[in-house]
Amino acid sequence: MNFNKSIMKQTIINYPFWVLSAVFTAVYFIIVYRFTINIPTDDDFGALQRFLIEYLQAENIQEKAHLLLEEWGSHRLLFMRLIVLFVYILFGKLNYTIYIFIANLFLAGIAFVLYINIIRNKKTTALLLLLAVLLLFNGQNLTNSLWAMSGLANIGIVFIAFSSIHLLLKRNRIAFVCGLLLSILTVYSNGNGLLIIPPIIACLYLQKRIKDLIVFSILSLTAALFYFYNLNTDRLSGDIWNNFHLLIMNFFVFIGCNVWIPSIKAIPFLTGLLCFGIYVWGILKGVYKNNLFCYACLTFLYLSSLAASVGNLAFGIAAPLRYRIYGSLFLVLTVFLLVNNSKEFYVKRIIYLFPPFALLFSIFSTVMYSLKAEKIYEGRKVSAYNWLDKREGLADYANLAESRFYLEEAEKLRFYKMPQYPLSEYKSEVHQYSGGKRNFTSDGILYKIESIEEKENFFVIRGWAHFKSTPMDFTDIFIYFSDADKCLSCHPKFERRYDVVNNDLSKVECGFFAVIDKTEVPPGRYKIEIGIKNRLNIKGRVLYVTTEQYLEI
């Protein structure tokens with residue numbers, strides 16, 4: 001009777017955590033669904049579209065096999081290319097919406113693998129699951145979840161790596177064979193796939209499975225040798241020793257990148273240092289022996305962090321959004337490690353301390369990065385307009401000539417065509433401005449209104465504006481129309497403009513595309529003004545600049 005009461009009490013206590021886990025997971029995937037669109041961006045052109053074009057044009061099986069294993073930017077992308085082929089065989093199309101859906105299935109798969117290996121059968125199961133959900137399904141990972149190539153590469157590689165570790169640690173012959181095949185697939189599926197080999201070798205040795213260790217070592221190391229065949233390693237040949245301090249900074253910032261704050265690199269650095277310190281503590285205390293899965297996953301992630309730090313030396317200290325999935329997993333696995341290897345007195349404090357912070361962190365990240373996801377969604381739709389209108393202006397990708405070629409070839413082969421939207425779909429609502437006095441400046445902002453066109457019943461205004469020295473992340477651009485009596489305002493659609501800022505990634509989000517309904521603006525001659533607001537500016541100050549252009553209705 002007391003046993004049943006204990007179970008009921010535990011169930012009642014855990015119920016809110018199960019509900020919160022389900023709610024935050026549902027919210028995340030609703031956001032992903034809202035901003036998913038079948039339009040390529042950035043490396044989608046070169047990594048996905050280019051592969052399928054060349055594969056379909058290949059004349060024999062040898063060429064096709066070569067394309068599956070061909071390097072791309074010091075990576076081999078076998079897993080991603082197999083998914084592209086699988087979707088093409090099923091649907092006869094190249095479909096970015098489906099790729100994004102598959103990438104997010106992998107994100108859910110990572111959570112499931114963590115659950116069955118670490119979370120399940122613990123007294124604190126529901127709370128640990130909530131912690132994992134809050135850190136994995138939050139806005140910082142939306143870049144991977146909404147970008148087909150990045151999602152399949154970064155989420156996909158982690159999923160198959162963790163799955164192979166899970167299977168290989170089982171003392172089961174079928175599981176070992178499946179894990180071995182998955183690990184070889186991992187080796188050929190991203191630049192960090194090779195790094196799955198050391199932690200698995202260490203785990204098999206600690207499990208005293210000598211025969212399995214020998215088989216795995218021979219096959220995986222052979223696969224690694226073939227990986228480097230004709231591989232271009234120029235990107236990895238930077239001057240490491242002269243930039244060793246930068247390498248160390250990059251390493252720890254990469255680990256703590258989930259708490260990235262622009263211009264305050266000390267916070268992710270200290271977070272990464274703390275996580276790595278706990279990892280080393282576990283090795284020195286020998287707790288890894290009872291946490292092989294957790295330590296194998298962490299070792300793979302730390303080696304990946306080191307490899308990324310070397311590969312990105314040329315870019316300085318940074319924490320790209322596409323790598324935030326690794327930062328999330330560093331935090332999740334580190335907390336799991338602490339909980340599983342601390343006395344009950346400390347466990348209660350750890351387990352009840354982290355979720356409130358994780359909850360606030362998740363809400364803040366989801367709100368902020370959902371706004372960013374909306375801008376990127378707008379930019380992709382604008383790129384569809386550019387393509388269908390003039391067969392040019394694909395400023396959403398740095399290499400304009402390359403993107404144009406791949407889109408033309410895809411249309412010829414009839415496996416992809418840009419979606420088409422009516423001009424009204426891009427319309428910006430025009431409102432009476434009521435924000436008080438506007439203080440104009442000629443300093444601090446660079447801008448240009450490139451064109452004002454009249455189409456159907458709309459005016460189409462295109463241009464760009466950005467701060468001279470401040471990054472354009474989390475900014476909004478506004479357009480104002482003023483005459484002697486009134487001032488109207490609108491919030492135009494967003495465009496990435498690599499062509500304007502010479503690939504300066506901090507200012508690339510500077511383009512605007514406004515479609516104004518003539519019926520919403522009273523007749524008159526309006527001077528055009530531009531305002532830029534940084535959302536991270538607590539005071540909410542908008543910088544205004546007046547242009548020499550007019551809109552006449």
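Contact here means heavy atoms within 4.5 Å, and helices (H or I, at least four residues) and strands (E, at least two) are DSSP runs, numbered from the N terminus. What you have open is a predicted model, where local features need pLDDT of at least 70, side-chain atom pairs count only at pLDDT 80 or more, and totals for chains, interfaces and linings use all residues. Residues are numbered from 1 along each chain as its sequence is written, and side-chain values use heavy atoms, with hydrogens and water left out.

**Stop 1: a helix pair**

Select residues 78-91 (helix 4) and 96-119 (helix 5). Which residues of helix 4 meet helix 5? They are F79, I83, V84, V87 and F91, and on the helix 5 side you'll find I98, Y99, I102 and F106. The residues of this contact divide into nine nonpolar, no polar and no charged (Ala, Val, Leu, Ile, Met, Phe, Trp, Tyr, Cys and Pro count as nonpolar, Asp, Glu, Lys and Arg as charged, and the others, Gly among them, as polar).

Now look at the geometry: the axes are 11 Å apart and the angle is about 130 degrees. Axes are lines fitted to C-alpha atoms, for helices over the stretch in contact, and angles run from 0 to 180 degrees between N-to-C directions. Helix 4 and helix 5 are therefore oblique to each other (under 35 degrees is roughly parallel, over 145 roughly antiparallel, 65 to 115 roughly perpendicular, and the rest oblique). The crossing of helix 4 and helix 5 is right-handed, meaning that the near helix is turned clockwise from the far one by less than a right angle; anticlockwise would be left-handed.

**Stop 2: salt bridges**

A salt bridge is a side-chain nitrogen of Lys or Arg within 4 Å of a carboxyl oxygen of Asp or Glu. How many are there in the whole structure? A search finds 18.

Start with E70 and R50, which form one at 3.6 Å, N to O. E70 sits in the loop between helix 3 and strand 1, while R50 is in helix 2, 20 residues apart. Add E54 to the selection: R50, E54 and E70 are linked in a network of salt bridges. R50 is buried, at 18% relative accessible area (buried is under 20%, exposed over 50%, partly exposed in between, with a 1.4 Å probe and protein chains only).

Next, pick K372 and E509, whose side chains meet in a salt bridge of 2.9 Å, N to O. K372 is in helix 16 and E509 in the loop between helix 18 and strand 9, so this pair ties together parts 137 residues apart in sequence. Buried or exposed? K372 is buried at 8%, and E509 is buried at 6%.

Then jump to K427 and E520, with closest N and O atoms 2.9 Å apart. Here K427 is partly exposed at 24%, and E520 is partly exposed at 27%.

**Stop 3: loops**

Most residues other than glycine have a negative phi. R414 has a positive one, about 60 degrees; look for R414 in the loop between helix 17 and strand 3, exposed at 69%. E456 has a positive phi too, near 55 degrees. E456 is in the loop between strand 4 and strand 5 and is exposed at 66%.

Finish at Q207, in the loop between helix 10 and helix 11. Q207 is buried, at 13%. Leaving aside neighbours within four places in sequence, Q207 is in contact with L168, L169, R171 and L292.
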